[in-house]
Amino acid sequence: MFLYYKLKNYQKENIYPFHMPGHKRNTKIMPVINPYEIDITEIDGFDYLHNAKGVIKKSMERVQIKFRSTHSFYLVNGSTSGILAGILGSTNKGDTILVARNCHQSVYNAIVLNQLVPVYLYPQMDKNFEAACGYNAEYIETMLIKHPDIKLIVLVSPTYEGLVSEIDKIVVAAHKRNVPVLVDEAHGAHFCFSNAFPKSAVEQGADIVIHSVHKTLPAFTQTALMHVNSNLISLEKVEYYSSVFQSSSPSYVLMAGIDQCMNILDQQGNQLFQILVNRLNKFYKKSEELKHLRVMGKAENRDFSKIIISCRETEMTGIELYDILLNKYKLQMEMVSKDYVLGIATICDTEKGFERLEKALFELDQQCFHRKNRTLLCQTTEWDVSSIKMNMPPYRASCCDKEEIYLIDSIGKTASEFVFVYPPGIPLIVPGEEISEAVVNQIINLQHEGLELKGIGDGNKIKICCKNSSEE
């Protein structure tokens, strides 16, 4: 079956989306229009994204006001294009940058493209849910003192699970040293629209902030925003790279989707966000009655629109919970980990959607049992920093001669490609890193839990740098 017809059939399956895109296919909130009717190219009167002077510029200026930024730009190649443009626009080839090790793969691609030298930040882990926490300013400041040649700080906040960093304090520490801060806030585009959520990195003074409009707001997949808020950044350079990493024929359908998203927020935003917050509060209050399954609670440093349901205390694995929710209850979650599933709630969710999820969880909670002898194959709650060794810069490893060997034989070898679970796309192995026994065991354990890893080939093989590859 071809893709178009598969999508048409999927419409009829009554599967409820606790996943992105944020419009949730909710045509009661999102007006229906045939996209072919508005699909044009750069014709007279409709402006041009990469040299906006008319209607597109006006639309972006509205975004700038709504997000309280200095400059805002449409992105039609997703947050990935903004991250690439932001990092290359803020650095020179060979610069050293301070970067969160749990960043998205696109950050590492930027490191490779500009031959940057990464100094990694390692997050603490939430021991109950094994999710990466946000970063505190004290840690960042210590690293800045230790590495005075840092030219840029790159952070992801919120994380996929909604945990945020101390962006305001980190920005103060960085700006004392004239170091700009780029925040991948792809999952936090909604922060500006309700005090129930953490403050946006834009409001907290970050120099560049990237938002995926499609993740948590009602817009088409692949739409995003980039905000530039600092004279520490060359606006001209960032704009140049924005055009490099995006199509020279940007989709007017996608740009119109962002514009329509802003219309909805203008007209109904306050009401819709209040309804969402009320539904979430009700859901979290009710979930406290669960006996075996656990829902990660509300916290000051977390976006509670990310619904994390843990089965760690039960005999189920995350994969099993995910499959049951999908196949029995027709609930499509956003992400699965070994011990939990994650759902995304937005202003386009419905009361019936929340009721279906609540009903499913309470039925499952009655059926599942407290874990007795279940062995958790992967129990790491901290990054094993001692086992991570960089043998050569990522850009050299990505371009070196490669050979493919069995994963079990790769210990001590130098990786030439990324290995990661997607989503969320955070690399377990980065090109140039020495493959440790700890990470091989982690990969094997994740495979045993049923998770699919990208970068592991047929026969459980992995690509490494050939012996004749070197840093020179």
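Met1, Phe2, Tyr4 and Tyr5 make up a nonpolar surface patch whose combined accessible area is about 610 Å². Patches consist of residues with over 30% relative accessible area and no salt bridge, with like charges joined within 9 Å and nonpolar side chains (Val, Leu, Ile, Met, Phe, Trp, Tyr) within 5 Å; accessible areas come from the Shrake-Rupley method with a 1.4 Å probe, and for residues only the protein chains shown count as cover. The model is predicted, so to speak of local features requires pLDDT of at least 70, and side-chain atom pairs count only at pLDDT 80 or more, while totals for chains, interfaces and linings use all residues. Residues are numbered from 1 along each chain as its sequence is written, and side-chain values use heavy atoms, with hydrogens and water left out.

Within the patch, Tyr4 belongs to helix α1 (residues 3–11). Helices (H or I, at least four residues) and strands (E, at least two) are DSSP runs, numbered from the N terminus. Tyr4 is exposed at a relative accessible area of 55%, where buried means under 20%, exposed over 50%, and partly exposed in between (1.4 Å probe, protein chains only).

Turning to the sheets, one open sheet has 4 strands in the order β11-β12-β15-β14, paired antiparallel; two strands pair if DSSP finds at least two bridges between them. β11 (294–295) and β14 (335–336) are the edges, and because each has a single partner strand, one side of each is left without a neighbour in the sheet. In the interior of the order, β12 (residues 306–310) and β15 (residues 340–344) pair over 5 bridges in the antiparallel sense, with Ile307 opposite Gly343 in β15. Helix α9 (residues 252–287) packs on this sheet and touches β11 and β12, its direction making about 15 degrees with that of β12. Contact means heavy atoms within 4.5 Å, and axes are lines fitted to C-alpha atoms, for helices over the stretch in contact, with angles running from 0 to 180 degrees between N-to-C directions.

Another open sheet holds 3 antiparallel strands in the order β19-β18-β21. Its edge strands, β19 (426–429) and β21, each pair on one side only. β18 (residues 419–421) joins β19 through 3 antiparallel bridges, and Val419 has Ile429 of β19 as its bridge partner. Helix α13 packs on the sheet, touching β18, β19 and β21, at about 120 degrees to the direction of β19. The loop between α13 (437–448) and β21 (453–454) contains Gly450, which is partly exposed at 45% relative accessible area. The C-alpha atoms of Gly450 and Glu320 are separated by 8.9 Å, although the two residues are 130 apart along the chain.

Salt bridges come next. A salt bridge is a side-chain nitrogen of Lys or Arg within 4 Å of a carboxyl oxygen of Asp or Glu, and the count by this rule is 18. Glu351 and Lys282 form one such pair (3.4 Å, N to O). Glu351 lies in helix α11 (residues 351–367) and Lys282 in helix α9, so this pair ties together parts 69 residues apart in sequence. Glu289 and Lys286 also pair, with their closest N and O atoms 3.1 Å apart; Glu289 is partly exposed at 47%, as is Lys286 at 29%. Finally, Arg62, Lys66, Asp259 and Asp266 are linked in a salt-bridge network.
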